[in-house]
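Subject: A structure to look through

Dear colleague,

Here is the structure I promised to hand over, together with my notes on it. Please keep it open beside this email while you read.

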Amino acid sequence: MTALRTGIATIALFAATPLTAQEITLYSGRGETLVAPLIETFTESTGIEVNVRYGGTAELAVLLNEEGAASPADIYWAQDVAALGQIKPVFAELPGEMLEDIPAIYRDGDNRWTGTSGRMRLMVYSTERMQADELPATMAEMTDDRFAGTMALPPTNGSFLAHVTALRVHEGDEAARAWLQELADNDPVIVSNNTAIHTAIADGEADWGLTNNYYLSRFLADDPDFPADHALFEAGDIGNLMMVAGAGVLESSDSPEAAMAFIEFLLSDTAQQYFAGNVHEYPVRGDAVAAFSGIGVDYGTASEAAIEFDLNELTDLEGTLEMLEEVGLL
Ligand SMILES: [Fe+2]
């Protein structure tokens, strides 16, 4: 095609398109409905094709470990934090410039992976039956007798398991087990997931619960009068844990530059706006904050209140499940 063109036209053509068609493979723990439109935008703007293997975040982590350096994957994108620490040793280091606008709470301290959006752990409560100042000031205080029978709790929820794992890392296993036991003794309203916490509160079955920030925005988008609000714990308390969906480039990638370009795209205004607008998660870049369309605790307040915590430590969800069984929550 270029053979018939003049030299100048050929140069213009080469400047506008990559010399060779590039292709990368993404293992995505994030769902197709969320990810596919973004990938289309990436491919349109860079010419880089993306093959995607969708799956559960934990399942893809197991697959990556099995495949080792022979994996076709260039990028691993985890829906939640639990697998990132596990994959960290086989992630390549991301360029420091790429991450300079990302606060420490949203990324790996060694630049092996970055959060792509944030989910704050916080409390949601009934505005019909509670005042914000009646809520516990710390995660430790959640087990106070005055909360007997009022809290909605999803024991099998992944974010709850990760959060209890964080408590174990922060306070030690003995303290965490005692906390869980007191929580169980307080007779919580057992629900299946975070969505069910919110419906239990709206239906009057529970008054409050520990959840992720983006659910309330979804309920309020459907019903502006949804009778609940958010509250944080004291600044720096382990209750205020910022968790992320995150991604990194595998060291074994044979297209690291194209893979890095994809990570860079996930941190762009376009993608940050997309996560905030479509799934009401927090952007990970402070200067993309205008993109946050959620309701409740704003980005700045959440980021400042969040505890500094190494999310790579949240790998032992199995041990946490065992503890939940021991105290009778499972
Ligand atoms: Fe969730």
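How far apart do the C-alpha centres of domain 1 and domain 2 lie? They lie 27 Å apart, in a model that, please bear in mind throughout, is predicted. Domain 1 takes in residues 22-118 together with 242-304, while domain 2 is made of 122-238 and 313-326, and you may like to mark these ranges on the sequence before going further.

Before the details, a word on confidence. The pLDDT averages 92 over the protein, and 92% of the residues score at least 70. Residues 1-17, however, have a pLDDT below 50, and this stretch has six contacts in the model beyond near neighbours in sequence.

Where the domains touch

Between the two domains, 15 residues of domain 1 are in contact with 18 residues of domain 2. On the domain 1 side, the elements that contribute two or more residues are helix 4 (84-87) and helix 12 (299-305). Sorted by class, that side of domain 1 consists of seven nonpolar, five polar and three charged residues.

Helix 2 and helix 11

Helix 2, which covers residues 32-46, packs against helix 11, residues 269-279, at an angle of about 155°, and their axes are 11 Å apart. Because an angle over 145 degrees counts as roughly antiparallel, helix 2 is described as roughly antiparallel to helix 11. The crossing of these two helices is right-handed. From helix 2 the contact draws on L34, L38 and T41, and from helix 11 on T270, A271, Y274, N278 and V279; by class, this contact has five nonpolar and three polar residues, with no charged ones.

Helix 13 and its partners

Helix 13 (residues 317-326) appears in two of the packings that I looked at, with helix 6 and with helix 7.

With helix 6 (residues 158-171), the axes come within 9 Å and cross at roughly 95°, and the two helices are therefore roughly perpendicular to each other. Helix 6 brings L161, A162, V164, T165 and R168 to this contact, and helix 13 brings L317, T320 and L321. These residues divide into five nonpolar, two polar and one charged.

With helix 7 (residues 173-185), the axes of the pair also come within 9 Å, but here the crossing is at roughly 45°, so helix 7 and helix 13 are oblique to each other. This crossing is right-handed. In it, A176, R177 and L180 of helix 7 meet M323, L324 and E326 of helix 13, and by class the contact has four nonpolar and two charged residues, with no polar ones.

When you go through the model yourself, you could begin with helix 13, finding L317, T320 and L321 where it meets helix 6, and then M323, L324 and E326 where it meets helix 7.

With best wishes

Key: Residues numbered from 1 in each chain as written. Predicted model: local features only at pLDDT ≥ 70, side-chain atom pairs only at ≥ 80, totals over all residues. Domains from an automatic or database assignment. Contact = placed C-beta atoms within 7 Å. Helix = DSSP H or I, 4+ residues; strand = E, 2+ residues; numbered from the N terminus. Nonpolar A, V, L, I, M, F, W, Y, C, P; charged D, E, K, R; others polar. Axes fitted to C-alpha atoms, helices over the stretch in contact; angles between N-to-C directions. Parallel < 35°, antiparallel > 145°, perpendicular 65-115°, else oblique. Left-handed = near helix turned anticlockwise from the far one by under 90°. pLDDT = per-residue confidence, 0-100.
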